[in-house]
Number of protein chains: 2
Amino acid sequence: MKETVQIGLLGYGTVGTGIIKILQTNAHNIAQKVGCPLAIKKVLVRNPGKTRNTSFNVPLTTSIDEILNDPDIDIVVEVMGGESPAKDYILRALEAGKHVVTANKDIIAKYGKQLFEAAEEKQVDLLFEASVGGGIPIIRPLKQCLAANRIREVMGIVNGTTNYMLTKMTQERLDFETVLAEAQAKGYAEADPTADIGGWDAARKIAILASIAFNSRITLDDVQVEGIENISPDDIEYARELGYAVKLLAIAKESESGIDVRVHPTLLPHHHPLASVNDVFNAIYVRGDAVGETMFYGRGAGEMPTASAAVADIIDAARDIRHHVSSRILCTCFNQKNLSSAQHTESPFYIRLLVEDRPGALAVIAGAFGAQQVSLHSVIQKRRINNFAELVLITHKVPYASIKLAINTMEDMSVVRKVHNVIHVEAGEFE
Amino acid sequence: MKETVQIGLLGYGTVGTGIIKILQTNAHNIAQKVGCPLAIKKVLVRNPGKTRNTSFNVPLTTSIDEILNDPDIDIVVEVMGGESPAKDYILRALEAGKHVVTANKDIIAKYGKQLFEAAEEKQVDLLFEASVGGGIPIIRPLKQCLAANRIREVMGIVNGTTNYMLTKMTQERLDFETVLAEAQAKGYAEADPTADIGGWDAARKIAILASIAFNSRITLDDVQVEGIENISPDDIEYARELGYAVKLLAIAKESESGIDVRVHPTLLPHHHPLASVNDVFNAIYVRGDAVGETMFYGRGAGEMPTASAAVADIIDAARDIRHHVSSRILCTCFNQKNLSSAQHTESPFYIRLLVEDRPGALAVIAGAFGAQQVSLHSVIQKRRINNFAELVLITHKVPYASIKLAINTMEDMSVVRKVHNVIHVEAGEFE
């Protein structure tokens, strides 16, 4: 039986540092759980001369081959981030017969199929709990704890940056640009914030979650993506008044018409468990046919939470090594299911628009909706801006295509000055 | 390789029916996950003549030996409930070399050590996800997903009956007896509700969670237990006014002075993630040194949620059988840690008492607290009952022993008519 499980760590940034900290601080407890000690044999870095915390005392290397060719190394842990060369290194590690743990959502979302095939062929583990939801257990719960269920729906706040921004905009009534600048100053948003605020980070994560939940491969290209750039404090205030919080949700649902996967700002009723998830916290709501509603909540990013998830994977792989088993649970995309068209997605919608403030204007708008069989649940008109009136409408549940057609018609009408925003409403009482 | 994994089911009540439903409804999907079909070979019942859903078509038996001596049966699933004969059957199943899945919190909390030793000896799985939190994944997350962490604290709403009652008392301002009668009428509370409202059900569950979280065996005898019988609508209303929800919490914390495990009504600040867990929902909050705060939310009881957890365990055991591995993760109580004395438990306290309505009364009360070094955070006096004034106090964080002494002194004072209630406050801003 193995006396020490040896790890090769690729990357010594934020998460890499967190992993080293945990493996050193909790070494005794982790050794008890595994049945033998874990040791970091080598850490791949770009610049070995960089000043680092010397108390860790881990051997550095700049050569990936030194790790991949080392027969003592059992587990390769990839926390470099980015696609290249990380994907190539992961693939080579699998081909070298090493178990792989990664926190890399970009790679799992894009190359999952290829990598799982390589893991399958070599009968090694490929674990990626840290790729979604930071420290929140969600991959293993979906693959194991909820395995009895047909999952109907996975819906999450999986991007901390945008949740922090929307929380600030809600609580302090600040506008988008102010809050973005503040998030950047605090290090919550990057200099180029496109991946976060555009919804692309959340899209990669929901592609991964949907693939597991529905046992069918979903990639980034399958996700309809809309970011929060267009959300104003006015929208948030109207939503609040109507009983909703505005959240950037990553949503995956399966129905008879297929799998529907999207990321977009959403009005969530205040009583929904996700509505009170604030600041940088993440949460993932899962509905299964047997379990009903469940939710997993915690810190979706950061050095220690993400490292917590990666080390859990390391411990799992090490337990497998000790028990001479591997690849108990690999790719679970057994089926190829159809995607439903975004046009068919049904939901209530929130619409804010500016119309001429004259008799009959509302009748014209209502007529445009009526022509597309869109019925209205509530209407607020209370603010005048110059000679225009601001209208906020919430529709009953309708196909997205009908809303699209109604909006297109309205945009050509002289009575309509501007359609400010069209936002999905997550049903609740409207269903 | 096994072509079908065979199950012997002990018990055909609520949860047993749920398990049969799931294994039949989701048979194809589950077979994909395991790699082969699962089949229920036999169901142990007391009365085979009882009218049952015939569409399930499962073979019944009244003989436990028929199941234990059947070499085709790989997994024994115990959902009979109660201690006897369930404990004996589980032990015999383990000794017969069968993997065991159980939903029985009473048995795991009381006989965990003995059963795990039997499983260890025969190298078989003993899984019990359904014993705590119904459908909520919590055992596996603690044993695997959060394995990198030193867990500091586990705190849960783990009894649906009392949470339903407290929610009703809060939302509809009903008293304890009215709500209990309503819960009994709805089937949420049993005819003899002692185990639920007295906190004993929650105590068994926190004993199980604490054992896993702190890697040290905790049994029911180690848990300080107090039920909700003494909570009045007045307490709930005062708490609300002060910014708190009243919840029956099961709490396990580790500090330098040892492990502190208790169940009691608690004032939770409204912003705490557990404060908004209402009705029959359960949630378990876990704080680890790396992951920080996490929470797991869902339905803590009921046919399908509980069966969801049991079938997840069945799938896990079946995956082990297919991969010729077992007992990857058995007992994790590696250490024997000390319990800290309840007297040392520090927290703020809420105290409601009736005092003579005369000048100097408050000074006498304040003096009694001061003598025990108990300082007060807030005081409300606003209601007069006959010639007495009702006082509600919240203290700063103090040892329970000090509060106890102060209360004892006060109970002997002529100025004090009655000490109505002393309730723990879960810190937040007071810490």
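A hairpin of three residues links strand 11 of chain A to strand 12 of chain A, and this is a good place to start exploring what is a predicted model. Strand 11 covers residues 281-288 of chain A, and its pairing with strand 12 of chain A is antiparallel, with eight bridges. To see one position in that pairing, find A:Val286, which stands opposite A:Thr294 in strand 12 of chain A. Strand 12 of chain A, residues 292-299, is mostly covered, with six of its eight residues buried.

Strand 12 of chain A also has a partner in the other chain. With strand 12 of chain B, which likewise spans residues 292-299, it pairs in the antiparallel sense over five bridges. Look for A:Met295 here: its bridge partner in strand 12 of chain B is B:Tyr297.

How are the two chains related? A turn of 180° with a shift of 0.0 Å along the axis lays chain A on chain B with an RMSD of 0.0 Å. The two copies are therefore related as by a two-fold rotation axis. The C-alpha in chain A nearest that axis belongs to A:Phe296, at 2.5 Å from it. Both copies use the same surface, since 96% of the contact residues of chain A recur in chain B.

Now to the cysteines. A disulfide is a covalent bond between the sulfur atoms of two cysteines. Counting sulfur pairs within 2.5 Å, the total over all chains is zero disulfides. Why does A:Cys145 form no such bond? The closest cysteine sulfur to that of A:Cys145 is in B:Cys145, and at 5.9 Å it is too far for a bond. Seen from the other chain, the sulfur of B:Cys145 has A:Cys145 as its closest cysteine, again 5.9 Å away and too far for a bond. A:Cys145 counts as buried, because its relative accessibility is 2%, and B:Cys145 is buried at 2% as well.

Elsewhere in chain A there is an open sheet of six strands, whose pairing is parallel and whose order is 3-2-1-4-5-6. At its edges are strand 3 (60-61) and strand 6 (126-127) of chain A, each of which pairs on one side only. Strand 3 of chain A runs parallel to strand 2 of chain A (residues 38-44), and two bridges join them. In this pairing, A:Val43 has A:Leu60 of strand 3 of chain A as its bridge partner.

Next, turn to A:Lys105, which lies in helix 5 of chain A, residues 105-122. An unreviewed UniProt entry places the feature "binding site" at this residue, A:Lys105. Leaving aside residues up to four places away in sequence, A:Lys105 touches A:Ser131, A:Asp201, A:Arg204, A:Lys205 and A:Ile208.

The last stop is helix 13 of chain A, residues 361-371, where A:Ala361, A:Ile365, A:Ala368 and A:Phe369 are buried. These residues cover an arc of only 95° around the axis, so they sit on the same side of helix 13 of chain A. An α-helix has 3.6 residues a turn, so residues three or four places apart point the same way. A:Ala363 and A:Ala371 are exposed on the other side of helix 13 of chain A. What do the buried residues of helix 13 of chain A pack against? Their partners in chain A are strand 14 (349-356), strand 15 (376-385), strand 16 (388-395), helix 14 (400-411) and strand 18 (416-425). After helix 13 of chain A comes A:Gln373, with a positive phi near 65°.

Terms used. Residues are numbered from 1 along each chain as its sequence is written. Chains are lettered from A and ligands numbered from 1 in the order in which they are written. This is a predicted model: local features need pLDDT of at least 70, side-chain atom pairs count only at pLDDT 80 or more; totals for chains, interfaces and linings use all residues. Side-chain values use heavy atoms; hydrogens and water are left out. Copies are superposed by least squares on the C-alpha atoms of residues with pLDDT of at least 70 in both. Contact means heavy atoms within 4.5 Å. Buried means under 20% relative accessible area, exposed over 50%, partly exposed in between (1.4 Å probe, protein chains only). Helices (H or I, at least four residues) and strands (E, at least two) are DSSP runs, numbered from the N terminus. Two strands pair if DSSP finds at least two bridges between them. UniProt positions are given in the numbering used here, feature names are shortened, and annotations may be inferred rather than shown by experiment. The arc is that of the directions from the helix axis to the C-beta atoms.
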